[in-house]
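The following questions and answers are intended for a student who is learning to read a protein structure. Please consult the sequence and the structure alongside each answer.

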There are 2 protein chains.
Amino acid sequence: MKLDLNMSLMEKNDAIAAAIRAELQQQGVYSINIIGSPGAGKTSLLERLLPHLPLQTAVIEGDLATARDAQRISACAVPAVQINTDGGCHLDAAMIKKVLPVFDLAKTDLLIIENVGNLVCPTGFDLGEDLRIVLLSLAEGGDKPAKYPATFLAADLVLLNKIDLAELCDVDIAQVKAEIAQINPKAEILEVCCRKNHQQGLEELAALLLAKINAKKTQE
Amino acid sequence: MKLDLNMSLMEKNDAIAAAIRAELQQQGVYSINIIGSPGAGKTSLLERLLPHLPLQTAVIEGDLATARDAQRISACAVPAVQINTDGGCHLDAAMIKKVLPVFDLAKTDLLIIENVGNLVCPTGFDLGEDLRIVLLSLAEGGDKPAKYPATFLAADLVLLNKIDLAELCDVDIAQVKAEIAQINPKAEILEVCCRKNHQQGLEELAALLLAKINAKKTQE
């Protein structure tokens with residue numbers, strides 16, 4: 001019975017996600033779903049990345065409680081909406097569908113969705129995104145890919161964040177990359193640092209995202 | 001329908017947890033449930049804490065995949081069992097009940113359960129524990145209590161870990177403590193560091209746990 005309910009929930013989510021994907025494609029909006037643990041640095045990544053993107057961007061922030069992240073993004077002069085799941089452990093497609101009308105999609109190039117801080121539950125929920133990013137803080141240690149394999153398997157791009165803490169946290173970056181490659185050989189991997197006074201890899205990330213967005217436009 | 005199923009699942013879990021609690025009490029075993037994000041340092045905490053505990057201790061390790069954590073605990077000469085949830089985002093009481101026979105409870109003083117790395121989903125699942133510890137890595141930033149309020153509300157003891165990274169990560173420890181106290185004034189708070197070459201607060205933590213274990217014995 002539990003499985004049946006899950007199946008039906010997932011089918012319903014996938015159907016809504018497909019509708020979101022179609023609508024975004026029609027409006028020419030590229031979309032990204034960012035997944036990571038609590039405190040992996042998802043909002044800091046956006047704060048540092050947004051200035052490098054010459055695009056009309058909109059952001060959906062997911063959290064159990066508080067509007068802090070949407071306030072941080074709004075302070076970057078980028079439209080942001082906060083979804084509070086009120087205890088829920090992930091965003092689902094129905095939540096995204098509900099807030100999409102807030103944005104002027106016709107004038108939007110890129111929609112970034114920051115999921116709830118959780119390395120497990122968001123994995124199974126398609127939000128209609130074109131690109132799924134998994135953000136891993138190296139302060140969490142190097143053993144997370146093997147411990148959360150489904151999450152890394154579903155990633156298009158893995159960002160290794162807080163690269164400046166790797167040595168201090170006894171993390172062997174090459175070994176982390178090898179572990180990711182073993183789980184998901186297709187995933188691209190970039191190193192980033194999103195501290196105000198130590199930014200790294202953000203121009204490279206912006207260029208990669210712009211290339212992906214242009215590739216999709218050419219494809220259409 | 002979703003709510004009903006959840007209610008029934010939770011009632012079932014609570015009934016099994018109550019049976020576990022009764023059995024452990026009868027056998028004189030004190031039990032702890034440790035909850036924290038991926039990479040908060042749960043296993044490192046145990047590696048550093050166990051030598052300070054003059055007790056017969058047993059450990060249950062929860063992870064989606066790999067037996068790495070149980071291997072690390074076994075290397076401390078402490079009996080450990082690994083539960084792999086195979087995608088599941090938390091431990092539940094039925095899982096604990098299933099593995100309990102592995103241990104010689106009559107010869108065990110303390111059972112420590114390390115939950116799956118997840119700051120959300122383990123919160124609702126009573127595992128029959130006497131004490132619930134939430135371990136927060138300060139490398140996750142200082143804003144986690146307000147963002148995951150239910151988890152901090154359900155904590156008896158909050159450990160602030162990776163205290164050596166607080167300044168580097170721009171975390172104001174006093175502010176984090178105030179935020180926890182606002183959510184849960186009854187929670188005790190201790191600062192710890194569990195790095196091999198920088199250990200802090202572990203003797204204090206061991207003394208606190210021993211006092212709680214003795215207080216419970218006296219109560220009986």
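Buried area is the accessible area, taken with a 1.4 Å probe, that two parts lose on being put together, summed over both. The model discussed here is a predicted one.

Q: What area do chain A and chain B bury between them?
A: The buried area is summed over both parts. Of the area lost here, 61% lies on carbon and sulfur atoms. The value for chain A and chain B is about 2900 Å².

Q: Which residues in chain A lose the most area to chain B?
A: The contact takes 34 residues from chain A and 34 residues from chain B. Three residues in chain A together account for 21% of what that side buries. They are Pro38(A), Arg68(A) and Lys147(A).

Q: How many residues of the side of chain A that touches chain B are charged?
A: α3 (68-74) and α5 of chain A each supply at least two residues of that side. The residues of that side include 16 nonpolar and six polar ones. The charged residues number twelve.

Q: How many salt bridges are counted between chain A and chain B?
A: Side chains of opposite charge can pair when their charged atoms come close. Across this interface, ten residue pairs are found in polar contact. The count of salt bridges between chain A and chain B is six.

Q: Which residue of chain A meets the side chain of Asp69(B) in a salt bridge?
A: For a salt bridge, a side-chain nitrogen of Lys or Arg must lie within 4 Å of a carboxyl oxygen of Asp or Glu. The N to O distance in this pair is 2.7 Å, so the pair satisfies that cut-off. The partner of Asp69(B) is Lys147(A).

Q: With which residue of chain B does Asp69(B) form a salt bridge, and is that partner buried or partly exposed?
A: Asp69(B) itself counts as buried, at 1% relative accessibility. The partner lies in helix α3 of chain B, as Asp69(B) does, three residues apart, about one turn of the helix. The closest N and O atoms are 3.9 Å apart, and the partner is Arg72(B). At 27% relative accessibility, Arg72(B) counts as partly exposed.

Q: Which residues of chain B belong to the network of salt bridges that includes Glu47(A)?
A: On the side of chain A, the network links Glu47(A), Asp63(A), Asp69(A) and Arg72(A). The linked residues of chain B are Asp143(B), Lys144(B) and Lys147(B).

Q: How many residues apart in sequence are the parts that Asp130(A) and Lys216(A) tie together?
A: A search of the whole structure finds 28 salt bridges over all chains. One of them joins Asp130(A) and Lys216(A), with the closest N and O atoms 3.2 Å apart. Asp130(A) lies in the loop between β4 (110-114) and β5 of chain A, whereas Lys216(A) lies in helix α8, so the parts tied together are apart in sequence by 86 residues.

Q: Is Lys216(A) buried or partly exposed?
A: Asp130(A), its salt-bridge partner, is partly exposed, with a relative accessible area of 26%. Buried means under 20% relative accessible area. Because Lys216(A) has 15% relative accessibility, it counts as buried.

Q: Which residue forms a salt bridge with Lys212(B)?
A: The closest N and O atoms of the pair are 2.5 Å apart. Lys212(B) lies in helix α8 (residues 202-219) of chain B and its partner in strand β7 (residues 188-191), so the pair ties together parts that are 24 residues apart in sequence. The partner is Glu188(B).

Q: Why do the buried residues of α7(A) lie on the same side of the helix?
A: The buried residues of this helix (residues 173-183) are Val176(A), Glu179(A) and Ile180(A). They lie on the same side because they cover an arc around the axis of only 100°.

Q: Which exposed residues does the face of α7(A) turned away from its buried side carry?
A: The buried residues of α7(A) pack against several elements of chain A, including β5 (131-137) and β6 (157-161), together with α3 (68-74) of chain B. The face turned away from them carries Ala174(A), Gln175(A) and Gln182(A).

Q: Which residue caps the N-terminal end of α7(A)?
A: A side-chain oxygen of the capping residue lies 3.1 Å from the backbone nitrogen of Ala174(A). The capping residue is Asp172(A).

Conventions:
Residues are numbered from 1 along each chain as its sequence is written. Chains are lettered from A and ligands numbered from 1 in the order in which they are written. This is a predicted model: local features need pLDDT of at least 70, side-chain atom pairs count only at pLDDT 80 or more; totals for chains, interfaces and linings use all residues. Side-chain values use heavy atoms; hydrogens and water are left out. Buried means under 20% relative accessible area, exposed over 50%, partly exposed in between (1.4 Å probe, protein chains only). Helices (H or I, at least four residues) and strands (E, at least two) are DSSP runs, numbered from the N terminus. The arc is that of the directions from the helix axis to the C-beta atoms. Contact means heavy atoms within 4.5 Å. A polar contact is a pair of N or O atoms within 3.5 Å; within protein, one must be able to donate a hydrogen and the other to accept it, and residues adjacent in sequence count only if both atoms are side-chain atoms. Ala, Val, Leu, Ile, Met, Phe, Trp, Tyr, Cys and Pro count as nonpolar, Asp, Glu, Lys and Arg as charged, and the others, Gly among them, as polar.
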